[in-house]
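Good morning, everyone. Please turn to the sequence and the structure that will now appear on the screen.

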Amino acid sequence: MKISQKLFLAFVGLTSIVLIATLSLARWSFDQGFLDYINGLEQERLQYLSNELLALYAANPVSQTDPSVMTEQQSTRVWQSINQKALTQAIALHAPRPQKYRPDGSAMPPPRPIGDNPPLGPGSQLGPPRRRPPFASPPSGPPTGLYSAAQQFIVGADIDHADVLISLPLIFDDQVVGYLYSSPIRDIESSSATAFSQQQRWTSMGIGLLCLLLASAIAWWLSRFLLIPVKQVMLGVSYLSQGNYDQRLSPQRTDELGQLMANIDHLALTLSKNRSAKNRWLADISHELRTPLSILCGEIDAIKAGIRTFNHIQLISLEQEVLRMKHLVDDLYELSLSDVGGLRYHFQRVNVSESLQSTLNSMATSLQDKGLTLQSKLQPEVYLSADMLRLEQLFINLLMNSMAYTDSPGVIDVRLSQQNKTMILTINDTKPSASIEECEHLFEPLYRQDSARTRRGSGAGLGLTICKNIVEAHDGTIKAIPSPQGGLCIEVQLPMHRESL
């Protein structure tokens, strides 16, 4: 299954779950609210009915007794002395009536109001005149019962008090003289209410289906829109797999996909540079090997043709070219071992000051023969956990590089110090120098400068690369910058943390 199909199904599935949950909660809320609305109408109906019943209560002569001395039993006798038929008619008058409809299906208006209530006695606290409640009553109302203040049943329906949730006290002259009880409506049973509920259910289902179709259309568009950068990434990866490193995605996004596209562009650029470096390296190696081989072939051909006599001088010339090739092959072999991690290091506690001073003493004669002055300032007793042989190779390669690229008369200044558990070695020489841009490439294999610091000796341009690998194997750093003395400054920093190993 494609990612676009998975995204589409995920969007539609999530939308369906949320939509079903929302409609279900809305339906439950509607049912509860509709029942609460009907029960609220029932409470209003009881209020109108209380006005009618209190009017009958006030019209009874027995109720004219002082309310402050009237007991609950006397209140009960007042209700019992009232015409029970009148009380029953009053309850029946305010009973909910079923909604009537015209032949065309429209609802008929409610009945016209009934006349005003008869005037009440003095001191009565009654509501507005008796009229038909101006609200749409439920189609079939719940049973209603009249009880005295002593909770004695008077008239209507005798309701189980355990199910009573709707009640209204009857207050006459600031005293409770009775109660009206009505059972709440918990289920919709009438045909009109059921039809209304069904209509709302079908309407909700229609709205839900319409929303689902709209969500499906949006999900289809989003699944295609969101996969546009993914397809671009796939195209970029296909370019890389085909070896086409010049194509760029050029992302215009700032999100994670844009960052991924930028990383793919950077990868393509890196692979392109590595391929160019590999081709250049192979070309340089072949050139470095071809030069001494051409000289050897030329001298051998000259000796064979009798142009030159094979003597000790010719033998030394041939030996120099063979040694030059041997030096190049040894450097290439050592560099390849360093790159693949084949060089083995034996770390031990080494006195760096003593090792560096020994190297300087061994090279003093070569420096004097070239007309160079050696200056050194070494901090004594600088210890480091390192491979002594590789460390001496590092010192020799750095000094040979400075000696090969410093004009005579010149100066080579070597300084060794320890700062914050870090060994710092700096080698400064005099002109010629190199630019900052060229310094960044000095540690690349077989790198050739365009400035005056070109290769002048028999080296193959691998010495600094080997130095970098040795430093990195000791968890250190090496860099080259223009020297204040007019030449080049190479700085090596090796951490002292290996001393505790």
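I shall speak first about one strand and its partners, and then about some backbone angles in loops. Please bear in mind throughout that this is a predicted model.

Let us begin with strand E1, which covers residues 144–148. Is this strand mostly covered or mostly uncovered? It is mostly covered, as 5 of its 5 residues are buried. Consider the two sides of the strand in turn. On one side we find Thr144, Leu146 and Ser148, and on the other Gly145 and Tyr147; every one of these is buried, and both faces of E1 are thus covered.

Which strands pair with E1? One of them is strand E4, residues 175–182, which runs antiparallel to E1 and is joined to it by 5 bridges. Within this pairing, Ser148 stands opposite Gly178 of E4. Another is strand E2, residues 153–156, and here too the pairing is antiparallel, over 3 bridges. Gly145 of E1 has Gly156 of E2 as its bridge partner.

E1 and E2 also form a hairpin, with 4 residues between them. In the turn of that hairpin, Gln151 has a positive phi of about 60°.

That value leads to my second topic. Most residues other than glycine have a negative phi, and most peptide bonds are trans. I shall therefore point out some departures from both of these tendencies.

Asn420 is in the loop between E8 and E9. Its phi is near 50°, a positive value in a residue that is not glycine. Is Asn420 buried or exposed? Its relative accessibility is 77%, so Asn420 counts as exposed, the cut-off for that word being over 50%.

Asp475 lies in the loop between helix H10, residues 463–473, and strand E10, residues 477–482. Although Asp475 is not a glycine, it has a positive phi of about 60°. With a relative accessible area of 43%, Asp475 is partly exposed.

Turning to peptide bonds, where do we find cis examples? The bond from Ser408 to Pro409 is cis, with omega near -5°. Pro409 has its place in the loop between helix H8, residues 388–404, and strand E8, residues 410–419. The bond from Lys431 to Pro432 is cis as well, with omega near 10°. Pro432 is found in the loop between strand E9, residues 422–429, and helix H9, residues 436–439.

Thank you for your attention.

Terms used
Residues are numbered from 1 along each chain as its sequence is written. This is a predicted model: local features need pLDDT of at least 70, side-chain atom pairs count only at pLDDT 80 or more; totals for chains, interfaces and linings use all residues. Side-chain values use heavy atoms; hydrogens and water are left out. Buried means under 20% relative accessible area, exposed over 50%, partly exposed in between (1.4 Å probe, protein chains only). Two strands pair if DSSP finds at least two bridges between them.
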